[in-house]
Amino acid sequence: MSGTYVLVIDVSRSTTIEVGALGDREFATGTYAYIGSAFGPGGFSRVDRHRELAAGDRETRHWHVDYLLGHPATRLERAITFPDADRECELADSLPGEFVSGFGASDCDCPAHLLATPGGDAVLEAALDEGGRLERE
């Protein structure tokens with residue numbers, strides 16, 4: 001199955017992370033939401049791959065979010081999926097939070113696909129209201 005997904009990520013302490021070609025980026029303590037698409041081969045197995053990287057079971061980084069998930073100050077809290085829906089840019093614009101400039105949006109005209117949010121519950125509620133499904137590990 002394929003579609004769009006939202007990852008809710010907790011950053012436990014302020015930190016600077018080298019994010020591939022974006023270079024060093026500062027992340028304040030708080031909750032972030034990454035909006036991604038899984039329309040390529042494997043579909044939502046991409047979410048499982050992100051979980052593996054966040055757990056330390058994978059090292060290879062392909063996307064901006066991998067650098068964030070692979071850092072010891074971060075934790076993947078939740079994943080919400082939107083099966084068969086191409087809503088990546090729409091959700092990046094409508095979920096609560098402030099854009100983290102340039103992060104995760106190198107293939108579109110969006111300011112970013114990572115948001116610094118008011119909290120995980122606010123993101124979860126907004127995503128579920130938009131028709132998302134909470135994924136269990």
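I began with the sheet of this predicted model, and found an open sheet of 6 strands in the order β6-β7-β4-β1-β5-β8, with antiparallel pairing. At its edges I noted β6 (98-99) and β8 (133-135), each of which pairs on one side only.

Next I followed β1 and β5, which pair in the antiparallel sense over 9 bridges; along this pairing I looked up V8 and found R78 of β5 standing opposite. I then turned to helix α4 (residues 120-129), which packs on the sheet and touches β1, β4, β5, β7 (114-117) and β8, while its direction makes about 10° with that of β5.

For the interior, I looked up the largest nonpolar core and counted 21 residues, those with the most contacts inside it being L7, I9, F27, Y34, L68, F103 and L114. I traced at least two residues of this core to each of β1 (3-11), β4 (30-38), α1 (45-55), α2 (64-69) and β5, with β1 giving the most, 4 residues. Taking L68 as one example, and leaving aside its neighbours within four places in sequence, I listed contacts with I9, V11, I17, F27, T74, F103 and L114. I also recorded a second, separate core of 14 residues, which includes A33, I35, A85 and A92.

Last, I checked D84, which I found in the loop between β5 (74-83) and α3 (88-94). Its phi is near 55°, a positive value in a residue other than glycine. Is D84 buried or exposed? I entered D84 as exposed, because its relative accessibility is 61% and the cut-off for exposed is over 50%.

Technical notes
Residues numbered from 1 in each chain as written. Predicted model: local features only at pLDDT ≥ 70, side-chain atom pairs only at ≥ 80, totals over all residues. Heavy atoms only, no water. Buried < 20%, exposed > 50% of the residue type's maximum accessible area, 1.4 Å probe, protein only. Core = buried A, V, L, I, M, F, W, Y, C linked by side-chain atoms within 4.5 Å. Contact = heavy atoms within 4.5 Å. Pairing = 2+ DSSP bridges. Axes fitted to C-alpha atoms, helices over the stretch in contact; angles between N-to-C directions.
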